[in-house]
Amino acid sequence: MRRFFPILAGFVLVGLACACPNVGGIQGTLEAMGGTVGYMLTEAPALLSDLPGTLEAQMTPPDLSAPGIIRGKLSYPSDFIPAQRVVAFRTATMEVEADVTTADGQGEYALSVGAGEYYVVAYKLPGGSAAGYTQAVPCGLLASCTDHSLIPVFVDAGAVVDNINPQDWYAPPGTFPPMP
């Protein structure tokens, strides 16, 4: 908008001069505007040449095939973080969309997924317990946080969704799907 302000202001002033001949007419208005009209006449083509690319970028639909990213922090109820397999399951089918294996001590993960809705579960390796991104996580994982249902994670094409922390190691056995 800032780039088009001189053009807009010039048109308004010229319009006022035409409507109010007692104020000095067009000649007086043009003299009062100084170089604004010259600027408008010389710079308008360059300013307008930016417009097609800008409009095209705004009108181009998003690339629905672009992967999204789910990222988060890992934990374990101990003084170390073991290797884990973090899995994104499609909520509708419980099919694995993506997974990543982390190393001992690794505290973060990232999964590349298509646009959709997912559940995220981390499995301790080499097998054993599991932790999910559940209602207990945003609750603070306190003893009073008794809802261990998985939270659906919505991912748009090309979007990054942060703070999806599969840290609910306290859910009753069988709450999460078995490690695929």
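How do strand β1 and β4 pair, and over how many bridges? Strand β1, which covers residues 68-73, pairs with β4 in the antiparallel sense, and six bridges connect the two. One pair that shows this register is Ile-70, which stands opposite Leu-111 in β4. Before I go further, please keep in mind that what we are looking at is a predicted model.

Let me stay with that sheet for a moment. It is an open sheet of three strands, ordered β4-β1-β8, and its pairing is mixed. The edges are taken by β4 (108-113) and β8 (160-161), each of which has a single partner strand, so one side of each is left without a neighbour in the sheet.

Now the chain as a whole. There are four helices and eight strands, and, reading from the N terminus on, the elements follow the order α-α-α-β-β-β-β-β-β-α-β-β. Of the 180 residues, 32% count as buried, while the accessible surface comes to about 10600 Å², with 61% of that belonging to carbon and sulfur atoms. If we take the contacts with a separation of 6 or more, 67% of them are accounted for by residues 24 or more positions apart.

The element I would like to spend some time on is strand β5, residues 116-124, which is mostly covered, since seven of its nine residues are buried. As a general reminder, strands of a sheet pair through backbone hydrogen bonds, either parallel or antiparallel. With β2, strand β5 pairs in the antiparallel sense over seven bridges; with strand β7, residues 153-155, it is joined by three bridges, again running antiparallel; and with strand β6, residues 130-132, the pairing is antiparallel over three bridges. For those of you following in the viewer, Gly-116 stands opposite Val-155 in β7, and Val-121 stands opposite Gly-132 in β6. The connection between β5 and β6 is a hairpin with five residues between the strands, and in its turn Gly-127 has a positive phi of about 110 degrees.

On the β2 side, I would pick out Arg-90, which lies in that strand (residues 84-90). Its bridge partner in β5 is Tyr-118, and although these two residues are 28 apart along the chain, their C-alpha atoms are separated by 4.6 Å. Leaving aside residues up to four places away in sequence, Arg-90 touches Glu-95, Glu-97, Ala-115, Gly-116, Glu-117 and Tyr-118. Is Arg-90 buried, partly exposed or exposed? Arg-90 counts as partly exposed because its relative accessibility is 26%, which falls between the limits of 20% for buried and 50% for exposed.

Finally, the cysteines. A search of the whole structure finds one disulfide, formed by Cys-139 and Cys-145, whose sulfur atoms are 2.0 Å apart. Which hand does this disulfide have? The torsion about the S-S bond is about -80 degrees, and therefore the disulfide is left-handed. The two partners do not share one environment class: Cys-139 is partly exposed, with a relative accessible area of 38%, whereas Cys-145 is buried, with a relative accessible area of 5%.

To bring the strands together once more, β5 pairs with β2, with β7 and with β6, while β1 pairs with β4 in the open sheet ordered β4-β1-β8.

Note on methods
Residues are numbered from 1 along each chain as its sequence is written. This is a predicted model: local features need pLDDT of at least 70, side-chain atom pairs count only at pLDDT 80 or more; totals for chains, interfaces and linings use all residues. Side-chain values use heavy atoms; hydrogens and water are left out. A disulfide is a pair of cysteine sulfur atoms within 2.5 Å. Buried means under 20% relative accessible area, exposed over 50%, partly exposed in between (1.4 Å probe, protein chains only). Contact means heavy atoms within 4.5 Å. Two strands pair if DSSP finds at least two bridges between them. Accessible areas come from the Shrake-Rupley method with a 1.4 Å probe; for residues, only the protein chains shown count as cover.
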